[in-house]
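I opened this notebook to record what I looked up, entry by entry, and to keep each remark tied to what the coordinates show.

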Amino acid sequence: MSLRKRLLLLYFLVGLEGVVFVEFQNYFVLGKSWEYILKYNLPFVLLQNAVFLVVYYLFSAIRLRDAILLDQNPEKLVTLTRDEKTKLFHKLVHFPMEMFRFSILFMVVLAIAFHIYVAFLLEEVTIKVLINMSISFVREQSIGMIITLTIIAFLGKALRPTIIKLNQPSISFIHVSLVKKIVLVFFSLLFIFLTDLIWLFLSVQAPVEVIIYKVIVVIAVLLTLSILSIRLIIMDSIKYTHQVADYIAAASTGKRETLHTKIPVTSNDEIGYLVGSFNKLQQRIKDLYKEIDDELKLALTIQEKLVPQTSIHFGDYQISGISLPVKETGGDFFDVIKFDDNKLVLLIGDVSGKGLPAALFMSMMIGIVRIKINKESQFISPAHILDEINVMLKPLLNEGMYISAGLGVIDLDTRMLTYSSAGHVSPIIRESGITRTIDQSSFPLGIDDNEQYSEVILPLDPLEAILLYTDGMIEQRNSENSMYGFERLISSFKENWDKDGKLFLDNINDFSTGKDREDDMTVVHLKRYNWNTR
């Protein structure tokens with residue numbers, strides 16, 4: 001429904017409310033007959049209602065001309081500047097108070113003009129006539145205040161769709177205090193109660209019990225109207241505090257989409273200021289997240305460049321690796337380093353924790369290992385390298401942080417693979433058609449600087465494949481909370497040892513369909529591809 005139609009409907013219904021209330025007083029309080037009301041009173045009241053409808057609508061159409069035109073041509077919204085939208089927003093949210101002042105003035109002037117007109121028609125204006133006019137004036141102002149409060153109560157709802165379209169994110173200061181609104185409503189209702197009851201006592205000539213009965217009924221009607229006015233004028237604004245509270249509660253769950261939601265500002269009181277401040281905070285958080293996202297994307301790019309991006313052929317083996325961080329950056333790492341034409345180093349590891357701290361130590365580990373290898377002579381001892389790195393890292397890692405690592409050296413001259421583990425999960429190997437694991441018991445790096453790491457030496461000739469991996473692969477769960485586990489990984493390796501290393505990650509993804517990854521996953525796969533190059 002357009003704004004023009006909403007305003008017409010509002011003023012028509014409020015005018016009808018006034019008619020019903022006037023005739024209720026005539027019939028119930030004054031005891032007028034329906035015949036008298038229909039013949040003499042109702043036509044005049046309906047005429048007043050028509051005048052009321054025309055005047056109020058014309059006043060609204062003039063004051064809200066820009067809003068009505070925008071409502072009729074919504075495509076013009078995109079052409080408005082931010083200042084024009086803000087100006088129109090303030091005009092709309094100020095309008096209920098502007099209408100309040102206009103309505104009170106109009107009702108007073110209309111009543112005075114009517115009674116002056118009546119006085120001119122009378123041959124003589126006596127004290128009794130003045131008293132009756134005063135009583136009627138009080139009654140008229142009571143009815144006028146009821147009509148005014150009802151208009152104000154529903155006017156905010158009628159204007160809200162147009163206000164929301166302007167998408168005002170905030171207000172610079174409080175224009176109309178909520179306390180002022182509450183005081184205004186309170187004294188308006190007090191005025192209605194007092195004037196209506198005074199009019200009732202002055203106008204009704206009946207036994208005391210009849211007057212008491214009528215007073216109770218009138219108070220009940222006025223209370224109903226009062227509750228409606230308070231609900232629409234005051235509580236309608238306060239309900240937005242619940243929205244803010246709900247968004248804050250949702251944001252505390254850590255879901256980023258709830259941090260970027262804006263609540264429309266639809267008032268210029270403390271509630272509107274609170275909602276606007278919340279929106280500013282949301283925008284600031286969104287901007288900060290964008291900065292962090294950009295930095296993390298750069299960090300991920302750097303991480304990706306630190307690890308091999310393609311498979312490597314070395315002797316009669318093909319080595320490939322892949323790492324999937326659970327966040328933008330991760331703590332898993334691997335590297336494949338050629339020392340010379342006959343020596344190659346395999347590195348895999350996992351820094352405890354996730355995110356940037358883990359990523360920093362992951363980058364450090366790759367750099368340290370490369371430096372250590374370049375400083376070694378012809379003989380490279382993986383256990384010796386891990387011993388030195390362990391001593392170096394112990395004072396650098398925060399309490400509770402550690403790094404598991406596996407380091408292997410392939411020597412084509414000696415036809416041997418030397419492997420050492422620092423608390424890393426056991427590699428799976430295939431030798432002469434038999435699948436087994438390389439089990440070593442040791443602390444991860446950074447826990448005990450006195451730890452001495454051991455080595456396992458394997459002959460290359462019977463070696464067909466090796467699978468190095470991180471614990472994120474075996475600890476991944478599915479929608480039924482079952483863990484992928486070590487046994488499934490061994491079974492997958494037995495069937496697919498000669499396939500591409502990415503297949504092992506694909507199998508885990510298929511297993512965990514419907515469940516997000518919980519940890520970084522990394523795999524390094526070595527397989528013999530040519531038996532005739534020995």
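The entries below cover a helix, a cavity and two loop residues.

**Entry 1, helix α14.** I noted at the outset that I am working with a predicted model. I looked up helix α14, which spans residues 502–511, and found that its buried residues are Phe504, Leu505, Ile508 and Phe511. Viewed down the axis of α14, these buried residues fall within an arc of 120°, so they line one face of the helix. I then asked what the buried residues of α14 pack against. Their partners are the strands β2 (317–324), β10 (463–469) and β11 (521–528), together with the helices α12 (471–474) and α13 (485–496).

**Entry 2, a cavity.** I found five cavities of 30 Å³ or more in the structure, and I followed up the second largest, which holds about 60 Å³ of space. Its lining includes Glu17, Ile146, Leu189 and Ser229, and by class the lining has six nonpolar, three polar and one charged residues. Helices α5 (127–165), α6 (178–203) and α7 (208–251) each supply at least two residues of this lining, and α7 gives the most, with four residues.

**Entry 3, positive phi.** I looked up Arg415, which sits in the loop between β5 (403–411) and β6 (416–422), and recorded a phi near 55°, a positive value in a residue other than glycine. Ser432, in the loop between β7 (428–431) and β8 (434–437), likewise has a positive phi, near 50°. Is Ser432 buried or exposed? I noted Ser432 as exposed, since its relative accessible area is 56% and the cut-off for exposed is over 50%.

Notes
Residues numbered from 1 in each chain as written. Predicted model: local features only at pLDDT ≥ 70, side-chain atom pairs only at ≥ 80, totals over all residues. Heavy atoms only, no water. Buried < 20%, exposed > 50% of the residue type's maximum accessible area, 1.4 Å probe, protein only. Arc of directions from axis to C-beta. Contact = heavy atoms within 4.5 Å. 1 Å grid on protein atoms, 1.4 Å probe; cavity = no way out; pocket = protein on both sides within 12 Å on 5 of 7 lines; lining within 4 Å. Points joined across faces, edges and corners; volume = space filled by probe spheres on them. Nonpolar A, V, L, I, M, F, W, Y, C, P; charged D, E, K, R; others polar.
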